[in-house]
Amino acid sequence: MAENGAAAQAPRSIKMKFSCACGTEFTADIYQSVNVTLEPQLLYRLLAGSLNVATCPNCGRTAAAAQPFVYHDIARGLFAYVLPRAEVSTEERNAILSRLRTVYSCAAARRSTTCRSALSRRRRRCR
Ligand SMILES: [Zn+2]
C-alpha cells in the first residue's frame, strides 16, 4: 500500500475511558487534533458524525465525547477550534452536521476558485 507518509505520523488522539449504561468500561481513541490533509478519512468521519464518538463493544451504544479539538485543512486553508457540546440532542446534532456539510462544500469550492484567480492575477502582474 502506497501511503503518503501519513501512516508514519502518529494520530493526535488520546485513549479516553467510557462507562456505558450497560456497565461495561472501555476505552476509545478521541482526537485532540484533526488534520484532514494528512488523514482525509477523518474528514469523512467528522461529516458523518462518527468522529470522537465511542461505541460500546458490549451493547453497541454510542457516546459522543465532548472533547475540544483543533481542526486543520491545509489544502483548503481552513483552521478551526472545535468545542463540542455534550448536551446537544441527536436531532439538533444531525441538523448541525447537515448544515456543516453544506457550508463546508461551499467554502471549499469558493476558496479554490478565489485562490486560483488570485494566483493568476499575481502571476500576470509579476511579468
Ligand atoms: Zn454498553
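**Exercises on a three-stranded sheet**

In the protein chain of this predicted model, residues 24 or more positions apart account for 48% of the contacts with a separation of 6 or more. The exercises below pass from the whole chain to one sheet and its strands.

**Exercise 1.** Determine how many helices and strands the protein chain contains, in what order the elements run, and what share of the residues is buried.

*Solution.* Begin with the count: the secondary structure comprises two helices and seven strands. Next, trace the elements from the N terminus, which gives β-β-β-α-β-β-β-β-α. Finally, consider burial, for which a residue needs 20 or more other C-beta atoms within 10 Å of its own. Of the 127 residues in the protein chain, 6% are buried.

**Exercise 2.** Establish the strand order of the open sheet formed by three strands, and explain why one side of S3 and of S7 lacks a neighbour in the sheet.

*Solution.* The order across the open sheet is S3-S6-S7, and its pairing is mixed. Strands S3 (33-35) and S7 (78-82) occupy the edges; each has a single partner strand, and therefore one side of each is left without a neighbour in the sheet. As to orientation, neighbouring strands of this sheet are turned against each other by 10° on average, direction ignored.

**Exercise 3.** Resolve the mixed pairing into its parallel and antiparallel parts, and name bridge partners in each.

*Solution.* Take the parallel part before the other. S3 is joined to strand S6, residues 69-73, by three bridges, and these two strands run parallel. Within this pairing, Val34 lies opposite Tyr71 of S6, while Asn35 has His72 as its bridge partner in S6.

Turn now to the antiparallel part. Five bridges connect S6 with S7 in the antiparallel sense. Phe69 has Val82 of S7 as its bridge partner, and Asp73 is partnered by Leu78 in S7. With S6 parallel to S3 and antiparallel to S7, the mixed pairing of the sheet is accounted for.

**Exercise 4.** Describe the hairpin of S6 and S7, and state how many of the five residues of S7 are buried.

*Solution.* Four residues lie between the strands of this hairpin. In the hairpin, Gly77 adopts a positive phi near 65°. Proceeding to S7, the count of buried residues among its five residues is zero, and the strand is hardly covered. S7 is also one of the strands that stand at the edges of the sheet.

Conventions:
Residues are numbered from 1 along each chain as its sequence is written. This is a predicted model: local features need pLDDT of at least 70, side-chain atom pairs count only at pLDDT 80 or more; totals for chains, interfaces and linings use all residues. Two strands pair if DSSP finds at least two bridges between them. Axes are lines fitted to C-alpha atoms, for helices over the stretch in contact, and angles run from 0 to 180 degrees between N-to-C directions. A residue is buried if 20 or more other C-beta atoms lie within 10 Å of its own, exposed if 12 or fewer, and partly exposed in between; C-beta atoms are placed from the backbone. Two residues are in contact if their C-beta atoms, placed from the backbone, lie within 7 Å.
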